[in-house]
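Student: Please take a close look at the cysteines in this structure and at the part of the fold around them. I would like one connected account.

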Amino acid sequence: METVSRVRVTEGEGVHGDLRGALRPGKSGKRQITLMEAESWAAALADLKIDLPWHVRRANLLVSGLRLPREPGAIIRIGATLRIRVNCECDPCSRMDEIAPGLKAALLPDWRGGVCGKVISDGDIAIGDEVRIET
């Protein structure tokens with residue numbers, strides 16, 4: 001995992017540099033990009049009484065100050081042009097318990113593990129960009 005202050009995100013590639021987000025023949029792009037709330041991460045860690053950096057969750061983007069939509073089809077806009085359609089909850093995998101015992105279970109309630117989405121409009125984003133939910 002690499003933390004960057006700005007990145008290009010496109011429909012074809014997902015987050016630049018993340019090979020898992022690139023669209024390939026036979027792939028739906030359902031899990032092209034993952035987003036997690038800083039507040040949900042903090043709540044999971046508080047439950048376990050531990051401190052870990054957010055990137056061990058392996059989500060692409062960390063947002064704060066708003067609640068991500070919990071319904072497929074919702075649109076998240078970041079910065080001037082990036083738009084992401086929410087497809088599903090990002091279920092934590094068993095690797096989370098390899099990081100810290102109980103972390104998987106702590107990420108299960110209320111979509112704490114984040115959301116999976118597909119890029120529907122390209123954009124360059126940076127730390128501090130506005131994140132909003134389109135209606």
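**Cysteines, core and sheet**

Tutor: In this predicted model, the sulfur of Cys 88 lies 4.1 Å from that of Cys 116, its closest cysteine sulfur, which is too far for a bond. The cut-off for a disulfide is 2.5 Å between the sulfur atoms. Cys 93 is in no disulfide either; the nearest cysteine sulfur belongs to Cys 90, 8.5 Å away. Across the whole structure the search finds 0 disulfides. As to accessibility, Cys 88 is buried, with a relative accessible area of 15%, while Cys 93 is partly exposed at 33%.

Cys 116 also appears among the contacts of Ile 33. Others touched by Ile 33 include Val 9, Val 15, Leu 61, Ile 84 and Val 119. Ile 33 is one of the residues with the most contacts inside the largest nonpolar core, together with Val 9, Leu 35 and Ile 78; this core has 19 residues. Elements giving two or more residues to this core include strand 1, strand 3 (33-37) and strand 7 (115-121). Strand 6 gives the largest share, 3 residues. Apart from this core lies another, of 11 residues, among them Met 36, Ala 44, Val 56 and Ala 106.

Strand 1 also belongs to an open sheet of 3 strands, in the order 2-1-8 with antiparallel pairing. Strand 2 (14-15) and strand 8 (123-126) are the edge strands, each pairing on one side only. Strand 1 (residues 6-10) is joined to strand 8 by 4 bridges; Arg 6 has Ala 126 as its bridge partner in strand 8.

Definitions and conventions: Residues numbered from 1 in each chain as written. Predicted model: local features only at pLDDT ≥ 70, side-chain atom pairs only at ≥ 80, totals over all residues. Heavy atoms only, no water. Pairing = 2+ DSSP bridges. Buried < 20%, exposed > 50% of the residue type's maximum accessible area, 1.4 Å probe, protein only. Core = buried A, V, L, I, M, F, W, Y, C linked by side-chain atoms within 4.5 Å. Contact = heavy atoms within 4.5 Å. Lists of a residue's contacts leave out its neighbours within four places in sequence.
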